[in-house]
Amino acid sequence: KGLPWHGKVLAFGSPKFDKVIKKNKEGVSIPEEWKEKLEGKKTLMLNTSINDLLGNGERVLKKLDSFFTMIKDYGNIAVIWRPHPVLKATMKAMRPQFLEEYERLEKRFEDEGIGVLDRTPVIEDTIAISDGYIGSGGSSVINLFSILGKPVFIFDPGLEEITPKERRLLKWLIGYKVRDRVYLAAQDINGIFSFKPETPEEGLRYEGLPFKKPMWRKQTGALWGIKEKLYMGSVFGEDAISYDPVMKRYEKLQSGDIGKKYNVKFAGITFAGDSVFLFPDTKYIIMEYVTAKDGWLYHTTDVDELMEGINWEPGIPLCCGLAIYKSHLYVSNAIDNKVLKIYAGTGKYEVFELEPDGEVHNLIEDENQQIIEERARRIRNNRNCSRIVIKGAYEKGLIYMVGGSAEYRVRPWNGGKEFVITLPEDNYKYIRQGDFSQPLPGIHDMLGLYDHLITVDSNGSHILKISNETNELSYLAEEFMQGADEPCRNFDPMYNGIGRYLTFFDRTHILVQRERDSKMAIIDVENDTCKEFDLELPEDLFNELVPRDAGFDKGDDRDYFCMYESRVFPLENFLEVFAEDGYASVKERQMEAVKDIAANLDGTCGEKVHEYIMNELLSAEKMQHT
């Protein structure tokens with residue numbers, strides 16, 4: 001969906017599908033040199049793609065090494081490793097620094113008898129022989145396994161072995177406090193939970209499923225509260241919903257004809273005044289749900305003015321920066337220097353421009369700067385672009401950043417002289433690679449707490465506290481953030497960012513989660529004291545929500561039906577269940593989920609299309625004779 005031919009082309013099937021379905025039904029001969037290692041065992045085809053090695057070479061090679069060590073403990077599983085045919089040649093030309101380690105892994109794989117190295121010309125034979133797929137995401141081979149109902153497991157190259165207890169330490173999208181409880185959306189599974197901040201040791205309470213599906217994908221785009229109700233949007237296309245924690249009732253907000261027209265997926269959601277603002281990723285439009293009126297406002301004219309000259313296409317977001325102040329929503333697009341200001345609940349708006357005063361202090365390297373400039377040129381159709389991105393707002397003014405700068409620029413509300421808050425460069429040990437859609441560093445959250453401005457930075461290793469009175473900058477809860485920028489298990493700051501989300505629930509306290517180990521803390525901003533704790537799912541609740549064969553799901557039309565490796569679904573768990581044929585129950589759901597790939601999945605699509613065309617031609621010929 002989102003492509004120009006959607007709804008105009010019918011996917012009946014493909015010759016590749018027919019071929020692999022027939023070979024799987026009829027069976028193929030296992031090569032003689034493979035038989036000793038494969039016969040009597042469950043088989044996994046290991047796929048390593050070119051894109052994986054080019055994008056995450058070092059991490060992928062470490063992952064393969066770790067996988068080879070682990071798989072040796074499973075004597076009833078054999079691996080057929082099929083690297084992309086030109087992988088080594090591509091590596092030699094484009095990533096020569098990884099070639100020696102890759103060749104060592106190939107030699108280890110063969111010397112230690114881990115499996116068979118597949119260099120055969122016909123991949124359909126290998127797929128028919130294999131019982132499942134493991135390895136790189138983003139490969140067309142995955143669909144060939146999916147249409148056969150064979151399980152697919154996609155590596156997270158940065159995830160190392162974890163203990164069973166760590167599976168229950170979820171990542172949270174921290175939400176809002178209603179009465180005596182803080183409500184959170186789980187990032188690893190589809191569910192809402194709550195706890196008492198005064199007594200977190202009492203543990204979590206399960207509040208139910210906000211959305212029907214998918215169960216095993218990051219589902220909730222954001223979570224916030226207005227007048228003791230929680231509001232959230234789904235990243236997979238369901239209508240946004242509200243949740244009444246007292247009545248324990250979920251209700252759809254019903255986006256109506258506009259939502260259906262644009263097939264909205266509420267990837268972005270924020271709040272201002274008594275309104276919920278939703279940012280679909282399928283069209284340049286902002287949808288505003290006015291809670292006081294239980295009705296919608298649709299922002300099209302104002303968004304058109306903000307995005308003038310920029311043609312929408314999938315993957316180019318409308319909103320790359322926003323702020324809320326006194327029932328006003330400020331939106332920037334990261335393409336030029338225009339800002340949209342929406343007056344919540346009224347339908348009124350204005351568009352204005354921000355021009356940075358003075359010199360901008362740049363943080364990122366010239367090479368990255370060139371990549372950003374090239375991307376910006378493609379999107380903005382060669383218009384002049386300073387990449388203004390709104391970052392927040394507080395009593396002094398509107399906060400924004402420019403390009404790859406290391407400073408906040410504050411535009412006072414009273415129209416006075418703009419001033420700069422320079423961020424400490426030692427806060428940025430890592431700059432996230434590959435994400436040039438917005439200026440770096442990227443702020444995850446920013447709170448105006450009466451006398452202070454508090455930020456948690458996605459690339460910084462500190463919580464920053466800025467005095468409203470003096471603009472003096474200091475670090476908050478340094479002990480809690482100590483080591484936050486060091487690699488730990490599945491956390492690599494070069495790729496994952498460092499900071500996490502924060503929220504506040506009274507005049508002086510904030511709630512923060514650490515990226516590297518999911519530990520949480522309640523911090524007293526005034527006194528700089530910190531109460532650390534783990535929010536661990538109780539074992540009985542975890543087993544209820546995450547049964548043994550859980551983890552396989554499909555997010556949207558562009559997603560695979562597969563299991564993505566995560567803290568909740570680690571590699572070791574997959575291998576244990578796969579070895580015992582524990583995923584047999586998943587096949588029916590998988591076959592249902594892949595019907596949108598092809599309407600015909602019995603291997604006879606080509607024959608049926610040929611028969612239909614021949615009948616049409618014969619009918620036309622008869623008509624000519626009559």
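The lining of the second largest cavity comprises four nonpolar, four polar and two charged residues (Ala, Val, Leu, Ile, Met, Phe, Trp, Tyr, Cys and Pro count as nonpolar, Asp, Glu, Lys and Arg as charged, the others, Gly among them, as polar). The model is predicted, so local features need pLDDT of at least 70 and side-chain atom pairs count only at pLDDT 80 or more, while totals for chains, interfaces and linings use all residues. Residues are numbered from 1 along each chain as its sequence is written, and side-chain values use heavy atoms, with hydrogens and water left out.

Cavities are sets of points, on a 1 Å grid over the protein atoms alone, where a 1.4 Å probe fits but cannot get out; lining residues have an atom within 4 Å of a point. Three cavities of 30 Å³ or more are found, and the second largest has a volume of about 50 Å³, the space filled by probe spheres set on points joined across faces, edges and corners. Among the residues lining this second largest cavity are Asn-47, Asp-52, Lys-63 and Phe-155. H3 gives the largest share of that lining, four residues.

Turning to the interior, the largest nonpolar core (buried Ala, Val, Leu, Ile, Met, Phe, Trp, Tyr and Cys residues joined through side-chain atoms within 4.5 Å; buried means under 20% relative accessible area with a 1.4 Å probe, protein chains only) has 64 residues, of which Phe-67, Trp-172, Phe-574 and Leu-575 touch the most other members. Helix H3 (residues 50–71) supplies the largest share of this core, nine residues; helices are DSSP runs of H or I, at least four residues, numbered from the N terminus.

How values were computed: Buried < 20%, exposed > 50% of the residue type's maximum accessible area, 1.4 Å probe, protein only. Helix = DSSP H or I, 4+ residues; strand = E, 2+ residues; numbered from the N terminus. 1 Å grid on protein atoms, 1.4 Å probe; cavity = no way out; pocket = protein on both sides within 12 Å on 5 of 7 lines; lining within 4 Å.
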